[in-house]
Amino acid sequence: MRFLRRFFVLAVFVASTSLAVAQPVSKDHLRDGPAILKVFRPVVAKASEATVRVSADGKAVAFGTIVDSSGLILTKWDEIRDRKRLICRLKDGTELEAKIVGVDKEYDLAMIKVEATSLPTIQWQDIKKALVGRWVASPGTGEDPLGVGVISVAKRKLVLGDQPPKNSNVNSGWLGVGLDDGGGKGAKIASIAPKSPAEKAGLKTNDLVIQVAGRKITGPEGLIDTVGRFKPGDEIALKVVRDEEDLDINVKLAPRPKELKGNPQETMGTKLNNRRGGFPNIIQHDTGLRPEFCGGPLVDLTGKAIGINIARAGRTETYAIPVDDIEKLLPKFKSGELAFKDLAVQIETPKVPEDVIFQKSLKLTESDMVDKKRPGFKAKRYMKAEEIKLTAGVTYTIEMQSADIDSYLILEDSSGTKVAEDDNSGNFPNAKLVFTPKSDGNYRIIATSFGSGETGSFNLSVRRKAAPSKDKK
């Protein structure tokens, strides 16, 4: 009751200040000003004990939410994915080194682990209480919250066009189409911009795009992601279904029009997260949270968490992963189902698991061979080739993992015939092939990139998935 009385007085105070519009606005009168944040100290007091500051390679990049007293912490994956050394700073100032133990890329959540016991853990709220108009606060590791706001939109599922795409690149090539869901069979063109590359190439509304530059398209997100990898001036090959007829259409991408590069007001006063959309479910609130403040809990006035802040998506839009989604993910993280596979660490381990028959850390450079076989691509697609002997009837998993390269794998038999290829089954930007040869022999693994001119490090591995059956019929 004490907090509610103080909050009522504060509300009257804020309302009264709005009448004096001619007066200079003091910071204390702003919602994220010191006076307002101070009122919310009781709200975030307990939750802040279960919040950590996450630093990577010496730079503060996110917050984290302690979900298990043994040192398990959830944070934002995109902010730590390419980092080498992680440090978590607790509320009492203790700093502990952390390692990544699990990742869910759909929700952009990572589970990290510190060596500690008896840590305070976050308390969860019932998602049904996360109603529109309710006040929320984002705890940090200090007395005051990082920010306060109200719920703008209650929990909602991902709907096409309702969130920014996962990989948004405003400087990429522009196709000029609006999209609808194609029922898992492709991306359906809903509209075409006048004088756009799509119009010039002859694309039409209701065309179903099923392949772009050799990559299979199952929905709008896939088309956006694939086109976003190319630059203005690049020519890409599309496979389109129109009235049950298959068509091959080449499109030369153009620069994105200025008016489509985003509303400058959306970034006024702040930056936005790089990964700020494509989440399966979100709660939306209007807290002015900075991008590096994501990963920590979002609490209601009881101090219990209704979710984990995951992205600053606009000037007045911050997204949180809802509590009930997190509660479903936690058992998967803890069981190892979402275990993070750091291949670079595995390569350094002296003992190689029995099913791993090949592992190498490699690097594509400008001095490597150039892959000239794939049609529709420019020159300077560098490649590394490795030969390996495979046994008939055995299932093999071939993986190319990299933080530098948009990976692409091609497998050829001893005659040079392509028998398999993949660019995205390993979750972008990795590639993964699962292949069962029909005959014994030497095979050639070609590790290359999706686009031209890409260089950088990657890891290549081959695992034996199943032994050949000895039963004879």
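In the predicted model, Lys 384 stands opposite Ala 447, the latter belonging to strand S28. The strands concerned, S23 with residues 382-390 and S28 with residues 441-449, are paired in the antiparallel sense over 7 bridges. This pairing forms part of an open sheet of 5 strands, in which the order is S22-S23-S28-S25-S26 and the pairing is antiparallel. The edges of the sheet are occupied by strand S22, which covers 369-370, and by strand S26, which covers 418-422, each of these strands being paired on one side only. Strand S28 thus appears in the order between S23 and S25.

Backbone geometry was examined next. Most residues other than glycine have a negative phi. Against this background, Asp 108, although not a glycine, has a positive phi of about 60°, and its place is in the loop that runs between strand S5 (95-104) and strand S6 (109-114). The relative accessible area of Asp 108 is 1%, and because this value is under 20%, the residue is classed as buried.

A positive phi is also found at Asn 206, likewise not a glycine, where the angle is about 75°. Asn 206 is located in the loop between helix H4 (197-201) and strand S12 (208-212). With a relative accessible area of 53%, which is over 50%, Asn 206 is therefore classed as exposed. The two loop residues with positive phi described here accordingly fall into opposite classes of accessibility, Asp 108 being buried and Asn 206 being exposed.

Definitions and conventions. Residues numbered from 1 in each chain as written. Predicted model: local features only at pLDDT ≥ 70, side-chain atom pairs only at ≥ 80, totals over all residues. Heavy atoms only, no water. Pairing = 2+ DSSP bridges. Helix = DSSP H or I, 4+ residues; strand = E, 2+ residues; numbered from the N terminus. Buried < 20%, exposed > 50% of the residue type's maximum accessible area, 1.4 Å probe, protein only.
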